[in-house]
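Hi,

Here is the structure I promised to pass on to you. Please have a look at it first; my notes on what turned up follow below.

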Amino acid sequence: IAFRGEPVPWVTWGIGDFAMKVGMGAAMLLPFRVLTGWGSKSTPNGSAQSSHANLGHQNNKIQSEPSATWAANTNGYEMFVPTSEWKKVLANHVLPPGLEIQIDVSSGEKLARIPPHSSEAVDQCNTEESVDPSSSISERATVDQSPKETEESFQLPEVHASAFDYDLPVERIATRPCEPRDSSKLLVCGHSLPEGDSTPLDNDPMWRIKDAMFLDAPDLIPHRSLLILNDSRVICARLLGIKASTGGKVEVMLLAPELPSKDPAIALGMGSGDTTWTCMIRGKVHSGEELICGNVALQVLSKQGPDAKVTLRWEGDMKLGEVLESDGRVPLPPYIKREADASDLHTYQTAHAVNEGSVAAPTAGLHFSESLFSSIKSKGSKVTAVTLHVGAGTFKPMDSDDASKHEMHAERISVPMATIDLLKKAILEGSPLIPIGTTSTRTLESLYWWGVKLKLADCDQNSTELRVDQWDPYRVSQSVGENLISLVMLIPLPRDDIRSHERRME
């Protein structure tokens, strides 16, 4: 079409254009052959074998050097020396296998580190194994890239999500809390219930169930029990908005603060532009984009799948917590089939909610009222509180039927020393511990397993975070075998080891 009307036929123009491209390609190939040595015939196997032998020699040199000399220059390239902290990767760096890598797609900057609780990369760095330059390239690849067997292996139980399937009719799901809260129904299960008002279980007649009300709880709770509540408060973490560039709709779910502190109490008190949060974003959004959610502008710093990091900016002197209450919504769980409204900020909270930071309410606690707690205390029991900020894991569906393949998000917990003292006293006196709901249970379990790890010196005592990873209970319990530490053995930990750990963190 371009040459229509010209005296020279278009076929001639096309052939000439193609010939010019072939000629340019041939001319450009000559310096490429000189630079790469392609075409040399140093071995019977052809030209490629020579470059492979050179590569094998370089691999031999790198592998045989100790980790302290990794930075030695090899033909302009330097071996990247990894640490446990994120470290910038330069263009001439050669990365050892087994590292965790992060790439900012907007700037192209690449960061790498040794994965947490993994010694694979360090072991690769310090290996003394040499590589025979005369070996085949496939043999060398096996030496360089095959993952090392972990020093410590453990077995996970075989648990299938399908084993927990049950029918839950939609009409049985409450969309609003009862008023008063303690008028909710309560299912009681036990093996000493009277036969007149209880029903035996089909699969185990020794256990019986009966219907009751939460108002009956003071008479059902054993005398001198210690009830443990989760006092986390739900924030308006759900933001609806648009992309500044195209106007396309987006939905942002703030999960946890990253900067200047991972403590929600500090982050929610920050001003405009002073805080960075991890979040989940629904909608086609890329790193570097700006999102407008009401009076809040969010700058997307990085994004991988639905997970992202954003900074938040707004006009005025309001704190982030106040801005979210004005422009955000309470993130109701997916089984509540309605939109959130202003009343949810108060009704989708427990009566004892104090510390802001959750994206979902600790559900079991929604059934308790202040008057019910007073009645429980009057019967001789005590009530204390821990904090677990419910995270994205409560909304995340399981992609596999195998529970061992499901990765949970991390959740932040806080346990006051006064609560630890009450727990110690209850354990020593043999008083029943009654955590209210799964969040309080997970907090106590995490506290126990962190104590076990500290007692066994199984954690980084110089770390600024106290962590219990997803499978630590199985790993630690199988490593110590029959010598699993009892609760009573952990009693000396809080005042001694925890205090010294706090000093190291400071």
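The lining of the largest cavity is made up of Val 234, Ile 235, Cys 236, Leu 268, Gly 321, Leu 324, Glu 325, Leu 345 and Glu 356. Bear in mind that this is a predicted model. The volume of this largest cavity is about 40 Å³, and the count of cavities of 30 Å³ or more comes to 1. Helix α7 (residues 320-327) supplies the largest share of its lining, 3 residues. Sorted by class, the lining of the largest cavity has 6 nonpolar residues, 1 polar and 2 charged.

Helix α7 turns up again at the sheet, so to speak, and here is that part. Six strands make a closed barrel in the order β11-β12-β13-β16-β15-β14, with antiparallel pairing. On average, neighbouring strands of this sheet are turned by 45 degrees against each other, direction ignored. Helix α7 packs on the sheet and touches β11 (238-243), β12 (249-259), β13, β14 (290-293), β15 (296-304) and β16. The direction of α7 makes about 100 degrees with that of β16. Within the barrel, β13 (residues 276-282) and β16 (residues 307-314) pair in the antiparallel sense over 5 bridges. If you want a spot to zoom in on, Trp 277 stands opposite Val 310 in β16.

Next, the second largest pocket, which has a volume of about 940 Å³. It is lined by 23 residues, and those closest to its centre are Ala 174, Ser 184, Lys 185, Thr 363 and His 367. Two elements, β6 (185-190) and α8 (344-347), give two or more residues each to this lining, with the largest share, 3 residues, coming from β6. By class, the pocket lining has 12 nonpolar, 5 polar and 6 charged residues.

A few backbone details may also interest you. Glu 179 and Pro 180 are joined by a cis peptide bond, with omega about -5 degrees; Pro 180 is found in the loop between α4 (137-145) and β6. A cis peptide bond also runs from Leu 259 to Pro 260, where omega is near 0 degrees, and Pro 260 lies in the loop between β12 and α6 (264-267).

Finally, Arg 224 has a positive phi, near 60 degrees, although this residue is not a glycine. Arg 224 sits in the loop between α5 (217-220) and β9 (226-230). Is Arg 224 buried or exposed? Arg 224 falls in between: with a relative accessible area of 39%, this residue is partly exposed.

Best wishes

Notes
Residues are numbered from 1 along each chain as its sequence is written. This is a predicted model: local features need pLDDT of at least 70, side-chain atom pairs count only at pLDDT 80 or more; totals for chains, interfaces and linings use all residues. Side-chain values use heavy atoms; hydrogens and water are left out. On a 1 Å grid over the protein atoms alone, a cavity is a set of points where a 1.4 Å probe fits but cannot get out, and a pocket is an open set with protein on both sides within 12 Å along at least five of seven lines; lining residues have an atom within 4 Å of a point. Grid points are joined across faces, edges and corners, and a volume is the space filled by probe spheres set on the points. Helices (H or I, at least four residues) and strands (E, at least two) are DSSP runs, numbered from the N terminus. Ala, Val, Leu, Ile, Met, Phe, Trp, Tyr, Cys and Pro count as nonpolar, Asp, Glu, Lys and Arg as charged, and the others, Gly among them, as polar. Two strands pair if DSSP finds at least two bridges between them. Axes are lines fitted to C-alpha atoms, for helices over the stretch in contact, and angles run from 0 to 180 degrees between N-to-C directions. Contact means heavy atoms within 4.5 Å. Buried means under 20% relative accessible area, exposed over 50%, partly exposed in between (1.4 Å probe, protein chains only).
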